[in-house]
Amino acid sequence: MPVNVIGRIYTRLLLPRFCVSGESTMPSNSVRVAAAQMTSINDLAANFATCSRLVKEAASAGAKLLCFPEAFSYVGAKDGDSVSIAEPLNGPLMNKYCSLARESSIWLSLGGFQEKGSDDEHLCNTHVVVDDTGEIRSSYRKIHLFDVDVPGGRVYKESRFTEAGKDVVAVDSPIGRLGLTVCYDLRFPEIYQLLRFQHGAQVLLVPSAFTKVTGEAHWEILLRARAIENQCYVIAAAQAGKHNEKRESYGDTLIIDPWGTVVGRLPDRLSTGIVVADIDLSLVDSIREKMPIAKQRKPIDFWKAASL
């Protein structure tokens, strides 16, 4: 299995289906994607500098899309700090990220931007997709908010300062039709089923800042399950390491194919860098044709009428 080197970051591409006579050859309809891992802090300028560097690395590697994790632009030192820096999507900070995309001619998945809410006490946790001309193509506001007492960890109450979204969002891109989600959405398979079976998603994006405790237990398992049950690629950009004295993220940025195979992974779960993989949408079509679950699913009315 070949190993590609991107700067100092190594990613193993598990692509036996393209091996011929012991050598790996990529099909002509493949497209290169990248996912970023970083440790955001409560410094907008420092985080932007990190993102800018990673955009340049991804563009140099030939990626058409780079996915950033949840809260890429800012992680507050205490709960509620993010509300004070929240901006509308046409504000100066998002404009800087749009300029990054335009300057490097690359699409960006900005997973979990602090968008100003309907009042001064709330924000929206918004996943923004920007095209290679710097235009915002779509945005999704996180539906499932992280209100959890983590076993062996701390209590989180995202709803105290975040407004929940209401709309399921998919958008077309050079790497296929993207289904947009954010972090805690991962635990709710219904949204992914809607993205696949009603909105035609081929690639599911899961930008995250998973806690260390929950990440160790469930991160990879849930991601691979979403890929398998929906027959989609999954790209999961992750926050990593200690952001401050109170908050630590699990890391482990992954790219997973629709068979559930990990085809891209940052080897160091705590490092800042990018992982790159070539994805092939004909694999999506092939798996769906051979295992036609879209045709075999039962409608909701079937389950309502089913005897228990």
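Mentor: Let's start with pLDDT, the predictor's confidence in each residue, from 0 to 100. This is a predicted model, where local features need pLDDT of at least 70 and side-chain atom pairs count only at 80 or more, while totals for chains, interfaces and linings use all residues. Numbering runs from 1 along each chain as its sequence is written, and side-chain values use heavy atoms, leaving out hydrogens and water.

Trainee: Over which residues does pLDDT stay under 50?

Mentor: Where pLDDT is low, don't read the predicted coordinates in detail. Here that's residues 1-26, for which the model has 51 contacts (heavy atoms within 4.5 Å) beyond four places in sequence. The protein averages a pLDDT of 90, with 90% of the residues scoring at least 70.

Trainee: How do I read a helix pair, say α1 and α3?

Mentor: You describe two packed helices by the angle between their axes and the distance between the axes. Axes are lines fitted to C-alpha atoms, for helices over the stretch in contact, and angles run from 0 to 180 degrees between N-to-C directions. Helices are DSSP runs (H or I, at least four residues), as are strands (E, at least two), numbered from the N terminus. The axes of α1 (residues 44-60) and α3 (residues 92-104) come within 10 Å and cross at roughly 20 degrees. That makes the two roughly parallel, a label for angles under 35 degrees.

Trainee: Which residues of α1 and α3 make the contact?

Mentor: Among them are F48, C51 and V55 of α1 and Y97 and L100 of α3.

Trainee: What about α4 and α5?

Mentor: Helix α4 (residues 189-197) packs on α5 (residues 212-230) at about 35 degrees, axes 10 Å apart. Their contact includes Y192 and R196 of α4 and E229 of α5.

Methods:
Angles under 35 degrees count as roughly parallel, over 145 as roughly antiparallel, 65 to 115 as roughly perpendicular and the rest as oblique.
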